[in-house]
Amino acid sequence: MKKVIIIGGGAAGLGAAYKVRRAAAAGADVDCVVIEKDDRLGGKLATDILRDAEGCEYVVDGGSDAFVSGKPAIARIARMVGIADEMVPAREENKKTLIVKGRRLVEMPDGIMMFAPTKLVPLATTSLYSWSAKFRMALDWFLPRKSVWAEGETAQDHDETLESFVVRRMGRESLDRLAEPLVGGVHASDPGEMSLAATFPNFLEMEQQFGSVIRGFLNERKKREEMRRKYPPKPGAKPWAFFNTFHRGMQRLTDGMADAVGRERITTGVRVTSLERSGDRWRVSLSDGQALEADAVIVATEGWAAAELACGVDAEVAGLLASIPYSSSATVPMAFRAEDCPSDLKWFGILSPMVEKRPLLAVTLSSSKWPDRAPEGRVLLRGFVGGPRNQHLLEKSDAELIETVRAQIVDLLKMDPDAQPVFASVYRWNRGMPQYTLGHLDRVDEIEHRSTRIPGFAVAGGAYRGVGVPNCIESGERAVTKVLADLGIVLEEDTAAAPGRRTH
Ligand SMILES: Cc1cc2nc3c(=O)[nH]c(=O)nc-3n(C[C@H](O)[C@H](O)[C@H](O)COP(=O)(O)OP(=O)(O)OC[C@H]3O[C@@H](n4cnc5c(N)ncnc54)[C@H](O)[C@@H]3O)c2cc1C
């Protein structure tokens with residue numbers, strides 16, 4: 001029997017392990033083990049059920065808190081592992097995003113798609129932008145394309161930073177007030193460095209196809225409205241929402257996959273310290289002194305951790321992996337008594353643009369966005385700090401971080417300045433978010449190209465072709481396809497639907 005060792009027990013590693021187990025169930029002579037260095041499985045999916053001093057219970061996601069409907073990998077896995085009925089849509093009735101402007105919170109104008117306005121009246125009446133900025137944004141309709149792509153060229157051939165693109169099409173204020181916190185914020189990235197081809201290639205494609213981002217998004221809006229008319233929700237079906245989660249938090253997904261893989265195949269609290277190829281076998285050394293042997297290895301760790309392990313395998317791959325930068329961040333969940341908060345609590349989140357220079361990137365109002373996150377009479381919020389331009393904040397102690405976020409929340413929500421949370425905690429994501437900088441896809445192509453020449457070796461995870469949890473799962477699955485093919489095992493699942501190369 002062939003054996004695959006999977007290093008890393010996050011979404012990518014467990015997605016890979018679950019695919020190996022499906023292959024085994026379908027008759028392939030293969031099995032796997034997963035080695036995770038932390039005591040907890042899930043990586044950036046980390047849910048805790050916490051209680052305050054009065055015994056009130058909260059479902060707290062310290063890392064990822066949502067997945068988007070448009071990417072089917074999670075729903076597919078949830079159905080297979082039997083947790084589909086635990087998927088919960090966001091409460092669309094509270095779907096509102098607020099943006100910090102000075103000491104005010106301004107509602108994101110209706111019709112904004114990503115950062116492009118698609119409705120005239122809300123754009124004209126919003127106080128988010130100055131009049132000159134509104135006119136500048138409208139200019140996008142008339143500005144020519146930057147270049148006309150040759151036949152067969154893609155966004156990757158015309159990569160550009162988020163900052164360069166948005167400023168060129170819609171002006172600086174559009175970037176500073178919305179595109180930076182909304183689009184850059186998802187990746188905790190500096191818009192001046194962030195590769196559009198690797199993150200949102202559709203912006204570049206829209207410019208090519210429609211000659212304007214606004215025209216591109218208007219077309220997308222029309223298509224969505226047509227789909228909704230054509231396929232109205234079935235009676236009794238769960239309402240559709242852009243964002244979804246699981247009833248008991250996002251970690252339910254990785255826990256569900258771990259159960260399906262079989263916990264006996266998973267070791268936690270042990271780090272892989274080195275990888276070595278000898279003959280056609282792999283030798284995997286562990287921090288507890290043991291060494292394991294395998295026919296294939298999948299390195300589903302952060303890029304920098306993969307670089308350390310790849311050193312003994314291929315120095316160039318290791319160098320390329322090490323060149324993917326990471327930023328650190330922290331989430332700081334805290335709950336208040338409802339009576340301490342102002343009355344309007346029907347919104348999903350607050351974005352704090354970098355130009356506001358606040359020590360806060362965003363706030364999620366978890367108890368409004370999701371059902372069952374906090375009991376009646378309690379308000380659960382989640383502050384998000386760090387990102388490339390605020391790394392110094394992460395040197396603060398937990399108590400200082402909690403106070404920083406508390407002070408921001410009471411200021412923004414006009415609460416009593418002395419209002420204290422009934423509980424607060426800190427989740428630190430040290431070097432947790434890969435930064436897809438200009439040319440990222442070329443680097444990933446090179447890593448994958450070189451890896452094809454290393455039999456029984458593949459990397460997987462958020463460092464490569466999408467940081468979203470569904471992308472990570474698919475990345476793990478692609479890695480399995482690669483290493484099993486190296487071992488002469490071709491999966492029926494893959495011949496039925498060959499996985500695409502790009503999965504943004
Ligand atoms: C704060 C935050 C919020 C996010 N929010 C969202 C969101 O709402 N929606 C969304 O889709 N995405 C979100 N993301 C992104 C998404 O959660 C991640 O990209 C994804 O979970 C990464 O999965 P992964 O398996 O690639 O890596 P990880 O989850 O990082 O897993 C890698 C694992 O490898 C382990 N490891 C490393 N080195 C070794 C070693 N030598 N030996 C053994 N184990 C090792 C690590 O301990 C870790 O558990 C968020 C990310 C962060 C940080």
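Start by selecting strand S23 (residues 457-459) and S16: the two run parallel and pair over three bridges. Strands here are DSSP runs of E, at least two residues long, numbered from the N terminus, and two of them pair if DSSP finds at least two bridges between them. Click on Val 299 and you'll find its bridge partner in S23, Val 459.

Before moving on, know that this is a predicted model: local features need pLDDT of at least 70, side-chain atom pairs count only at pLDDT 80 or more, and totals for chains, interfaces and linings use all residues. Residues are numbered from 1 along each chain as its sequence is written.

Now light up strand S1 (residues 2-7), which pairs with S16 in the parallel sense over four bridges. Look for Ile 5, standing opposite Val 297 in S16.

Stay on S16 (residues 296-299) for a moment. Are its faces covered or not? Both are: Ala 296 and Ile 298 are buried on one side, Val 297 and Val 299 on the other. Buried means that 20 or more other C-beta atoms, placed from the backbone, lie within 10 Å of the residue's own. In a regular strand, side chains alternate between the two faces of the sheet.

Next, an open sheet: three strands in the order S5-S11-S6, with antiparallel pairing. Its edge strands, S5 (67-68) and S6 (87-89), each pair on one side only. S6 meets strand S11 (residues 243-246) over three antiparallel bridges, and Pro 89 stands opposite Asn 244 in S11.

Last stop: H16 (residues 469-486), a helix of 18 residues. Of those 18, 16 are buried. Just after H16, select Gly 488, whose phi is positive, at about 85 degrees.

Note on methods: The expected span of a helix is 1.5 Å times one less than its number of residues. A residue is buried if 20 or more other C-beta atoms lie within 10 Å of its own, exposed if 12 or fewer, and partly exposed in between; C-beta atoms are placed from the backbone.
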